[in-house]
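Reader: Hello! I have the sequence and the model open at my bench, and I would like a close look at one part. Could you walk me through the pockets, and begin with what lines them?

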Amino acid sequence: MGGPVGAVVLLAVLGSSFFYLQKAEAVSRYTSGRFHLTRGDVSTGTAQLRRAIKDGADIIDLEDAYVRLVMADIRNPDALDPDLRRARELFPDNMHFVIASLVLDSLGPDPQRRHEAQSRLAELKFQDTGNTYWTAQLYDNAGAGFYDREKWDRAIEAYRSALQYDSARIDTRVRLGWVLVMTDRFAQAIAECETVLQQVPHSAAHFNLGLAHMLRGDSGDSRAAYAAAMERHGRDEAERLGVLHRLQRLVTLDIRAAEARGMMNTYWPENAGF
C-alpha cells in the first residue's frame, strides 16, 4: 500500500503501538514503584509511581498507587501536598487520605488545626483497627522525614505520636530512643531502650542503652549494658551497627573519653592505641 493512504495507515499503526507501549511501561513502573518502596528506596519508588500515574492512570490501580505514594511521601510534606490533594479529589471516601491530611495538620504550625486534627484522629482510632495502623505508620514515616532533615524535636514528636497509636512498634521505639540519645535526653532514651528490651532482644536498643548510660555518667550501668549486648549479639553485630565508630568519636571529641577508650580496650583490643 503506497501513497497518502498508506502513510496514514502506517502512522495509525505506529501511534497505536506507541500508545500500548506507553501503557505497558506504566504498568511496569507501577510494579517497580511498589517493589522499590517495599525495599525502602523511597526516592526511586515514588518517582516510578508518579510516572505510572502520569502515563497510565486509566490502566493501573490508581487508588493503590496514591495510597503508597502518600504513605511514602509524608516524609516530605512539600512533595506530598499536591499528590494528597489530587488523591482526595479522586477518592474522597478513602480514609487513608483523610487520615493523612489529619496527620499533617496534627504536626503543623497552627495550634488550632493541630488540636482539631488530634481530636479527630483519636475518634477515628476507635472506628476501625485499620485506621490505627495507618495513623501509626504515617507518623512513623513523618518522623523519619524529620530525622533526615535533622529536625530532632519534630522527629521525637512524630515518633511518640506513632507509639500512641501502636505502642508495640519496636522499630519506632528504637528510632525514638536513638534521637533521644542524640539530643542528650539520656534518661528518656534509657527508658525507651529498656521498654524495647523487655519485649524483644534487639541489638541496636541494647547497644544504645549502653551508650546512653555512658553519656549520662552511669559507668557501671554502661559496662553492664555493653557486656550483655556483646554476649548476646556479638562483636560483628556491634561493628555493623557502628558501635566502635561511635566510641572512637567520643574519644576524638573528648566526651566521656576514658569510658569510651576503656570499652574499646575491652572489646576491640587491637584499637587500644586509638
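Author: Happy to! Let us begin with the residue classes: the lining of the largest pocket divides into 11 charged, eight nonpolar and three polar residues. Please keep in mind that this is a predicted model. The space in this largest pocket comes to about 460 Å³. Its lining counts 22 residues, and those closest to the centre of the pocket are Pro77, Leu104, Asp105, Gly108 and Pro109. If you would rather follow the helices, look for H4 (77–90), H5 (95–106) and H7 (129–148), the elements that each give two or more residues to this lining. Of these, H4 gives the most, with six residues.

Now for the second largest pocket, which has a volume of about 330 Å³. Here 14 residues form the lining, and Leu37, Thr38, Met71, Ala72 and Asn141 are the closest to the centre. Helices H1 (3–38), H3 (62–73) and H7 each supply at least two residues of this second lining. H7 is a handy landmark as you turn the model, as it also gives two or more residues to the lining of the largest pocket. By class, the second lining has seven nonpolar, four polar and three charged residues. Set that beside the largest pocket, where the lining has 11 charged and eight nonpolar residues along with three polar ones, and you have the make-up of both linings to hand as you look around.

Conventions:
Residues numbered from 1 in each chain as written. Predicted model: local features only at pLDDT ≥ 70, side-chain atom pairs only at ≥ 80, totals over all residues. Heavy atoms only, no water. 1 Å grid on protein atoms, 1.4 Å probe; cavity = no way out; pocket = protein on both sides within 12 Å on 5 of 7 lines; lining within 4 Å. Points joined across faces, edges and corners; volume = space filled by probe spheres on them. Helix = DSSP H or I, 4+ residues; strand = E, 2+ residues; numbered from the N terminus. Nonpolar A, V, L, I, M, F, W, Y, C, P; charged D, E, K, R; others polar.
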